[in-house]
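Biologist: Could you take me on a close look at the place where the two chains meet, and then follow the elements there back into the fold? I would be glad of one connected walk through it.

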There are 2 protein chains.
Amino acid sequence: MKFAFTSLGCASALPTVNRFPSAHVLNVHERLFLIDCGEGAQIQLRRYGFSFLKIREIFISHIHGDHIFGIYGLLSTMSMIGRSADIYIYAPESFGEILTSFLTHFGGVFKFKVNHIVIKGDLPELIFESKSLEILSFPLNHRIDCYGFLFREKRPKKNIHKHLIEKESLTLFEIARLKDGEDVERDSGEVLKNEDYTYIPYKPRSFAYCSDTAPFQKLALYVKGVDLLYHETTFGADMEKMARDTMHSTAADAAICAKEAGAGRLLIGHFSSRYKDQNILLEQAIEIFPQSAVADPGVEFAIPLIKT
Amino acid sequence: MKFAFTSLGCASALPTVNRFPSAHVLNVHERLFLIDCGEGAQIQLRRYGFSFLKIREIFISHIHGDHIFGIYGLLSTMSMIGRSADIYIYAPESFGEILTSFLTHFGGVFKFKVNHIVIKGDLPELIFESKSLEILSFPLNHRIDCYGFLFREKRPKKNIHKHLIEKESLTLFEIARLKDGEDVERDSGEVLKNEDYTYIPYKPRSFAYCSDTAPFQKLALYVKGVDLLYHETTFGADMEKMARDTMHSTAADAAICAKEAGAGRLLIGHFSSRYKDQNILLEQAIEIFPQSAVADPGVEFAIPLIKT
């Protein structure tokens with residue numbers, strides 16, 4: 001049961017030969033969620049062996065080119081390789097017109113529907129839910145409407161301690177109710193307390209994506225206790241003023257957010273092209289939050305399943 | 001005085017890890033003309049060291065994604081690196097709406113104007129002219145409106161045979177008229193025949209770009225005598241029916257066109273992703289037209305200046 005993040009590009013606005021713009025993949029139980037879609041995302045997906053067929057949802061943090069210019073080519077390629085399953089793009093409101101214009105000129109041959117689900121609001125909102133996963137959007141603080149995303153596994157169904165099934169002669173009915181988290185009262189009046197009979201089989205995992213943002217107080221609350229936190233790190237300490245002016249974060253901002261949130265691990269990316277060596281930024285992050293790493297494109301950062 | 005072609009991508013509709021979609025550069029006397037602009041063109045321009053500042057004109061053959069999805073990122077990047085000089089995009093009519101939609105959402109901060117010059121017509125048309133160069137568009141035969149481009153140096157001003165200047169005591173007035181190609185009648189009644197006194201200093205060079213097209217009779221006429229011909233070669237002999245159905249060319253089609261046109265050299269590109277080894281296509285072209293080569297991305301194909 002995989003829960004793993006892979007970046008496809010760690011450039012900010014100006015891509016370079018070795019750095020593609022923002023696009024990332026979260027693999028949750030072999031279903032791929034694409035997060036942002038900068039130019040060349042389709043090339044990077046191929047490079048790292050991700051099947052286009054496993055992507056159904058795309059999450060766009062905001063409508064700046066370095067986060068969406070890859071959507072045109074990706075959707076066109078999906079059509080050319082014969083896709084028929086609908087696509088769901090979660091993006092701020094202004095994406096609607098862009099999508100309409102694109103589909104008018106290039107979508108005539110598509111055999112699948114491209115649905116735009118509008119992200120909005122000043123508070124975290126549940127935007128996606130499946131049997132095992134929920135995804136929330138939360139507002140960031142950038143020059144235009146911009147959102148982060150929190151992916152978290154739902155608490156799994158409880159398991160019954162096996163040795164008690166026989167010992168207490170549990171019936172199928174009693175097992176089902178215990179698994180649902182309820183206490184069970186037997187005809188004899190005996191109460192089987194849920195906590196005595198059950199356990200949570202594994203700790204639900206979580207990942208948060210903080211796209212372009214100036215630091216702000218509430219952000220750490222939005223991503224509280226997350227296992228893996230991706231936080232943009234466009235600048236280093238030398239460019240703090242530039243970071244404030246452009247509403248971006250420094251390595252220290254990212255690390256402070258990770259620390260305050262009590263995150264398990266921090267991944268930094270979205271580097272300004274002026275930093276040829278991103279380790280300068282990593283060192284600044286590590287000083288504040290030691291569990292920091294560069295979100296190197298193509299490297300899979302998996303959150304292990306921890307049995308309880 | 002350079003006149004050289006470099007491809008940035010030789011993929012057709014489906015880009016692969018090693019093949020970017022169509023985009024090419026023609027360097028004419030250190031001025032760069034961008035021909036088509038598939039996704040990732042800006043990355044490839046950087047990779048091969050082309051300065052964005054030297055590009056003022058962009059030529060779009062037709063409005064299929066693999067020929068234009070790089071325009072968004074390229075224009076945005078030009079803006080971010082501080083461009084102020086206007087851009088001229090030569091493209092079929094339907095590009096107008098696409099450009100308008102793009103500029104509405106992303107062009108607000110541009111400090112330069114993006115001009116769309118509409119290409120149209122059933123015959124070759126002069127679409128650009130400078131002191132030393134002219135560019136013609138000509139219709140191709142694809143599923144939608146599609147155009148090729150012919151770049152040719154103008155005939156240079158004539159030079160005077162140096163040894164005759166002193167021998168015949170040519171005046172500055174006489175030299176100027178001879179250089180303009182005229183005969184000169186002296187007061188004595190003597191006529192200085194232009195052909196006796198002048199020569200063309202070098203042979204004007206030419207390059208033609210035949211983008212997506214099914215073969216058709218007139219194409220060889222449009223590119224008659226061209227020094228360097230780029231002709232799409234999406235398919236090989238094994239996929240001739242597919243080539244017809246999709247209105248593309250095979251290696252043989254490209255080579256026949258080059259032969260009938262009396263081209264100096266043929267470059268093939270725009271390969272279907274099914275051909276992992278493009279030499280199969282090259283061999284088929286060479287059989288018909290030996291001066292064929294693959295338009296390998298990043299390789300400069302220069303036409304030497306031949307003095308006469």
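Modeller: Happily! In this predicted model, 100% of the interface residues of chain A are interface residues in chain B as well, so the two copies meet through the same surface. That fits with how the copies are placed. A turn of 180° with a shift of 0.0 Å along the axis lays chain A on chain B, and the RMSD is 0.1 Å. This is the relation of a two-fold axis. If you want to find that axis on your screen, look for A:Gly40: within chain A, its C-alpha is the nearest to the axis, at 3.0 Å.

Now the contact itself. Chain A brings 24 residues to it, and chain B brings 24 residues too. On the side of chain A that touches chain B, the elements giving two or more residues are helix 1 (41-47), helix 3 (71-80) and helix 4 (95-106) of chain A. Helix 3 of chain A gives the largest share of that side, with five residues. By class, the residues on this side of chain A are 11 nonpolar, 10 polar and three charged.

Let us follow helix 4 of chain A inwards, as it leads from the contact to a sheet. The sheet in chain A is an open one of seven strands with mixed pairing, and its order is 6-5-4-3-2-1-18. Strand 6 (114-119) and strand 18 (300-302) of chain A are the edge strands, each pairing on one side only. Ignoring direction, neighbouring strands in this sheet are turned by 20° against each other on average. Helix 4 of chain A packs on the sheet by touching strand 5 and strand 6 of chain A, and the direction of the helix makes about 170° with that of strand 6 of chain A. Those two strands are also partners: strand 5 (residues 87-92) of chain A pairs with strand 6 of chain A in the parallel sense, over six bridges. To place the pairing by eye, look for A:Ile89, which stands opposite A:His116 in strand 6 of chain A.

You can take the walk again in the other copy. Chain B has an open sheet of seven strands in the order 6-5-4-3-2-1-18, and its pairing is mixed. At its edges stand strand 6 (114-119) and strand 18 (300-302) of chain B; each has a single partner strand, so one side of each is left without a neighbour in the sheet. The average twist from one strand to the next is 20°. Six bridges join strand 5 (residues 87-92) of chain B to strand 6 of chain B in the parallel sense, and B:Ala91 has B:Val118 of strand 6 of chain B as its bridge partner. Helix 4 (residues 95-106) of chain B packs on this sheet too, touching strand 5 and strand 6 of chain B, with a direction at about 165° to that of strand 6 of chain B.

One last step back, to the whole of chain A. Chain A is divided into domain 1 (3-156 + 200-302) and domain 2 (159-198). Taken over C-alpha atoms, the centres of domain 1 and domain 2 of chain A are separated by 43 Å.

Notes. Residues numbered from 1 in each chain as written. Chains lettered and ligands numbered in written order. Predicted model: local features only at pLDDT ≥ 70, side-chain atom pairs only at ≥ 80, totals over all residues. Least-squares fit on C-alpha atoms with pLDDT ≥ 70 in both. Contact = placed C-beta atoms within 7 Å. Domains from an automatic or database assignment. Pairing = 2+ DSSP bridges. Helix = DSSP H or I, 4+ residues; strand = E, 2+ residues; numbered from the N terminus. Axes fitted to C-alpha atoms, helices over the stretch in contact; angles between N-to-C directions. Nonpolar A, V, L, I, M, F, W, Y, C, P; charged D, E, K, R; others polar.
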